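Trainee: I would like a close look at one part of this model. Please take a single strand, go through its partners and turns, and then add a sheet from elsewhere in the chain.

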Amino acid sequence: MIHRFKIIAIIWFFGMNAFSQNHQLSGSIIDEKTGQPLSDVHVLLANGRAVITDSLGYFSIGVNKMPVILRITHVSYGQSDVKIQKWPEGLLVIRIQKMISNLEEVLISGERMRILTKDKDFSLQDFAFDDHHLWMLGYTNNQANKGRLFLANQSGDTVSSIPIQGAKGLYKDAFGQVHLVLRDSVIQLFCKDSTSIQLLYSAGKKNFMAHMEPIITGFSNKLVYRNVIQRNEEAFIYYYDENRSGPQFLTHIVDSLEAIRKEFDQKTRSMWIELKTKKYFMPNTKISGIYNSPVRTPIFSLNDSLYVVNSFKDSLLIYDHKGKFAGSVSISFHKDLMLGDVDYKEIKFLTDNNFGKVYILERKTAGWSIHPLDTKTGKKQSAIPLPNFPGMTRITVHNNAVYFLYYEKMHPYFTRLYRFQL
């Protein structure tokens, strides 16, 4: 899948939109065999604009002329290009066929845990997944002057590799696209025909990170940000949408007394107007009074929904693909109760969009524990026993498996990539 729209979309969000669509092309994507509508299907134009179908398989995308080619991609249906010759008289219906895949046969084996790079002569520095591939950055024979970028399938089998010098790591953006980070620049990675590596769209590292790092997450073609107000222990959560101008308010989280809560509506309204008026929300704008503070508001996205943890009110806030508040559930997984006091835990959320699951990763004394989270009830489920490997890093969940790096304690002291089946 070509991800040119990932970078172009970022540029648009920061006021440099180069596109001008005058008409909306609306349609529905359904399964060719069953006729069922398909959600979470990516619809991409050649100019970089992209949308994702909703729960009813519906999409609407700006197009300025015909004919047009729509690139349709889905994890279970693969990729296909559909050419639309003229404007449809009614709702456009696109039928796609589910691809035959042996993915489960590849990932599930008699061994629950495997070392994917066990027989390789390279030591890994970093790894990341895009929609279809595994990217690995490492060194041949642990030699610093023999850096290589590897392209592999999701079983860890190397498809292609190229020499790389001075690489600092891999960066996966809010859209799921992987970039190679060098000392002074960042390069988007692309796989041509699933067999060869292409380096595309180089950007200055400082400018790239200044735009990317403030993004908390992305959902349904929206970019989510958080601004923290100095000394007040409060945060504004908002997003940018390509179809709407300016920041769109999601929620305001504050640690306050009951008297202050009663003034919440008035205070939020006046503060929000002031922030928008003074352009506090434009990236790279240095405004007195805004800074990064440890206000506990973990945020994660799963498919086309957004979840915000309000630690102060012990609740998980849920937003649908349109950015509308869909409800909240009570939570307790974010804190420990010890001797009547509250100790807020440092936790990380790992999402698996392909399987529609989210996990809570907790740091223990000498290792890690991982718990499935039921987003409908807010309940943390029983822990899944992870391997007891002190020092395991880069823990990631992908396609119902946990991946991590582990430094071997014997010669040749390679850092290997492990996969643990859930």
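Mentor: What follows is a walk around one strand, and then a sheet.

The model is predicted, and the strand to start with is S10, residues 134–140. Of its 7 residues, 6 are buried, so S10 is largely enclosed by the rest of the structure; buried here means under 20% relative accessible area.

S10 pairs with strand S9, which covers residues 122–129. The two run antiparallel, with 7 bridges between them. One point of reference in this pairing is Phe 122, which stands opposite Thr 140 in S10. The connection from S9 to S10 is a hairpin of 4 residues.

S10 also pairs with strand S11, residues 147–152. This pairing is antiparallel too, and 6 bridges join the strands. Here Trp 135 has Leu 151 of S11 as its bridge partner. S10 and S11 again form a hairpin, with 6 residues between them. In that turn, Asn 141 has a positive phi of about 55°.

Now the sheet. Four strands make an open, antiparallel sheet in the order S17-S18-S19-S20. Its edges are S17 (217–219) and S20 (248–254), each of which pairs on one side only. From one strand to the next, the twist averages 25°. At one edge, S17 pairs with S18 (residues 222–229) over 3 bridges, in the antiparallel sense. Within this pair, Thr 217 has Val 224 in S18 as its bridge partner. In general, the strands of a sheet pair through backbone hydrogen bonds.

Note on methods:
Residues are numbered from 1 along each chain as its sequence is written. This is a predicted model: local features need pLDDT of at least 70, side-chain atom pairs count only at pLDDT 80 or more; totals for chains, interfaces and linings use all residues. Side-chain values use heavy atoms; hydrogens and water are left out. Two strands pair if DSSP finds at least two bridges between them. Axes are lines fitted to C-alpha atoms, for helices over the stretch in contact, and angles run from 0 to 180 degrees between N-to-C directions. Buried means under 20% relative accessible area, exposed over 50%, partly exposed in between (1.4 Å probe, protein chains only).
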